[in-house]
Amino acid sequence: MHEIMYWEAVRRAHDEELANDDMVIVMGEDVGVVGGTYKATLGLYDKYGQERVIDTPISENGFTGLGIGASFLGVRPIIEIMSVNFAWLAMDQLFNTAAKVRYMSGGQLSAPIVVRAPGGTAHQLGSQHSARMEKVFMGIAGLRVVTPSNPRQAYGLLKSAVRCNDPVFINEHELMYNMKGEVPEKEYFHPLEGSEIAREGRDVTLFGYNISVHWCLEAADLLSRNHGIEAEVIDLFALSPLDREGIRNSVTKTHRAIIVEEAEPAVGVGAEVMAILNEECFFELDAAPVRVSALNVPIPYNHALERAVLPDANDVVEAVRKMFGI
Amino acid sequence: MKIERKKRLLREMLFARRFEERCYEAYVERNIGGFLHLYPGEEACAHGVLEAADFGKDYVITSYRDHIHAIKWGADPREVMAELYAKETGVSKGRGGSMHIFDVKNRFMGGYALVGAPFPLAAGIAKAIQMQGGEEICICFLGDAANNQGTFHESLNMAKLWNLPVLYVCENNHYGIGTRIDRSTAVVDQYKRVSGYGIPSRQEDGQDVELVYKAATRAIRHVRSGKGPYFLELMTYRYRGHSMSDSNAYRARAEERMWSKRDPVIMLRDRLIEEGKMTREDFKNMDTEILDQIENEVIAFAEESPEPHVSGVERYVLAENDPWVRGGVP
Ligand SMILES: Cc1ncc(C[n+]2csc(CCOP(=O)(O)OP(=O)(O)O)c2C)c(N)n1
Ligand SMILES: [Mg+2]
């Protein structure tokens, strides 16, 4: 194990997969000469050439569709959408083609593409550069959605996504590219389904994904230190399909659930996990599940307003205290 | 064009005409559901272009008006009809329907319902061909109204930028559903719109299969020789409404009459008769044979085929048993 940054982990996965298979290509805005807005492809243009590390025009729907068409013939495109906000423009090709082509062709064709995008709310980027769109992707049959919370996942999920025969959407986070973490030195493939126990506990389960895993871990420390509550933190790195078994197992142990999401509450990860709790283990619950979400407003520019919209570790602690009546 | 080829094309186009007319009846009989877009009037486009292409090598992709392109590109008409009848024996196993005919073994890469969606898919197929060093090309058929989608412009730009082996064929039937082209499009000559992307283009009579074949031969030679994309606009007309739900009330009868005088099947028939290569009697016999074949082989197969079993409804959503889902653990 050695420590590298999240962006270095993503870059390493690109490098290894490009080296492993000539049919792997990278496409996106400024992924080539520049090396990627968040350095995910730094130096790979020089190493693999402009035919395989491709600077695209600003045509999100067009180049996503082009990647899908190429994947029909065995090419394995890794498509970077510069910011997840711009993925709206590629929705037609992602949802109407990539997610459905296997089905509507009766299994004759598939679109094994990877689409990665930095998402989440960073610092004062304003309403149109701060979208949290995971909820949009995870509701579509035929598409896999994963979201790495640390460098090890960022590396291993991309590696598996490239090899997997389904279209995979990888939701990264703009604030996490400089986060350090341990990544195996040996080649490593992370499963695309399941969940991880990020911290063991017995009193309450905190469900997080991507950046909210870190808010949960921070909250769990505070709860342990200040209130003697031992929270379990479950990392939902796979948002589609969600890990029903992992969700059930943890809540069967703790009997309490709080879901922490960076996005607005409606039709989101929290709502979906609550539905699963209802379906899988309703009678295990000692308290009504709670979600800690962003406010239902577009993201403001002003820093204080921006922070007010987003949840953090303190909000998680408050939610747990309220649940326990302390 | 050689006489044998002309005769075969006549037979194929007549088959296409009768196939689509029979689809119309089957729809009225409620054996076909959903949306149904028919091709009568436009037969010379698909047949002329694909006659000039290399079967078994070149890739073909198109919109929802796709039955005839698939059949010309090798799909078994029985399996196409079975697909329309929503049967397990259909080309897309009854999961696709009229708008989603796929026959990948013959490199027919599908029909897509979102107007303009195949433009970038075709460019991507061409990108893969280029990476793999093949001599194949990709041929993409789309309507005139599709050219007002962003994907048209995005794809032309990328195709030229990367010199991709793709031939875009615009079947200009002058309408997008009920909106005539001059009411939706500032520049009605579609081939002119392409010049801004540095792509060679040409407008051609889409009713005369020999002319289409000639123009396509030239276009395909250009693309196959590594010179990059080409755009071929074919002027044509659809006889029926846009789909079965279209009353077709927006078109002048005089306009329809004018186009019916340039029917691709009749024009070729009359030419063969004039040249003394065929009699009216021969044509009638050919027609009878085709009608029999459609009834006794195509329709019979579709009717007798089983429906998909409901237990299979969740198949084909994701890959089955893909080890990478488990991180490479078999
Ligand atoms: C993105 C999208 N918008 C609208 C439609 C509805 N629609 C289906 S076909 C069509 C007209 C397309 O005309 P054209 O491209 O000329 O093809 P034609 O049907 O004439 O062959 C429209 C508006 C659609 N299927 N997809
Ligand atoms: Mg049209």
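The shell around ligand 1 is made up, by class, of 8 nonpolar, 5 polar and 2 charged residues. The model described here is a predicted one. Of the 15 residues that surround ligand 1, those that come nearest are B:Tyr64, B:Arg65, B:Ala113, B:Ala145 and B:Asn173. As for its place in the protein, ligand 1 occupies the largest pocket.

Several side chains of chain B approach the oxygen atoms of the ligand. The side chain of B:Tyr64, which is among the nearest residues, places a polar atom 2.7 Å from an oxygen atom of ligand 1. B:Asn173, also listed among the nearest residues, has a polar side-chain atom at 2.9 Å from an oxygen atom of the ligand. In the side chain of B:Asp144, an N or O atom lies 2.9 Å from an oxygen atom of ligand 1. Taken on its own, ligand 1 has 580 Å² of accessible area, and the protein covers 72% of this.

From the ligand, the description turns to the contact between the two chains. Chain A contributes 48 residues to this contact, and chain B contributes 44 residues. About 3800 Å² of area is buried between chain A and chain B, and carbon and sulfur atoms give 69% of that area. On the side of chain A, the residues that lose the most area to chain B are A:Leu73, A:Tyr103 and A:Met104. Together these three residues account for 20% of what the chain A side buries.

Technical notes
Residues numbered from 1 in each chain as written. Chains lettered and ligands numbered in written order. Predicted model: local features only at pLDDT ≥ 70, side-chain atom pairs only at ≥ 80, totals over all residues. Heavy atoms only, no water. Near = heavy atom within 4 Å. Polar contact = N/O pair within 3.5 Å; in protein donor to acceptor, adjacent residues only side chain to side chain. Areas by Shrake-Rupley, 256 points an atom, 1.4 Å probe, with all protein chains shown as cover. 1 Å grid on protein atoms, 1.4 Å probe; cavity = no way out; pocket = protein on both sides within 12 Å on 5 of 7 lines; lining within 4 Å. Sits in = over half its atoms within 2 Å of the grid points. Nonpolar A, V, L, I, M, F, W, Y, C, P; charged D, E, K, R; others polar. Contact = heavy atoms within 4.5 Å. Buried area = accessible area lost by both parts, 1.4 Å probe.
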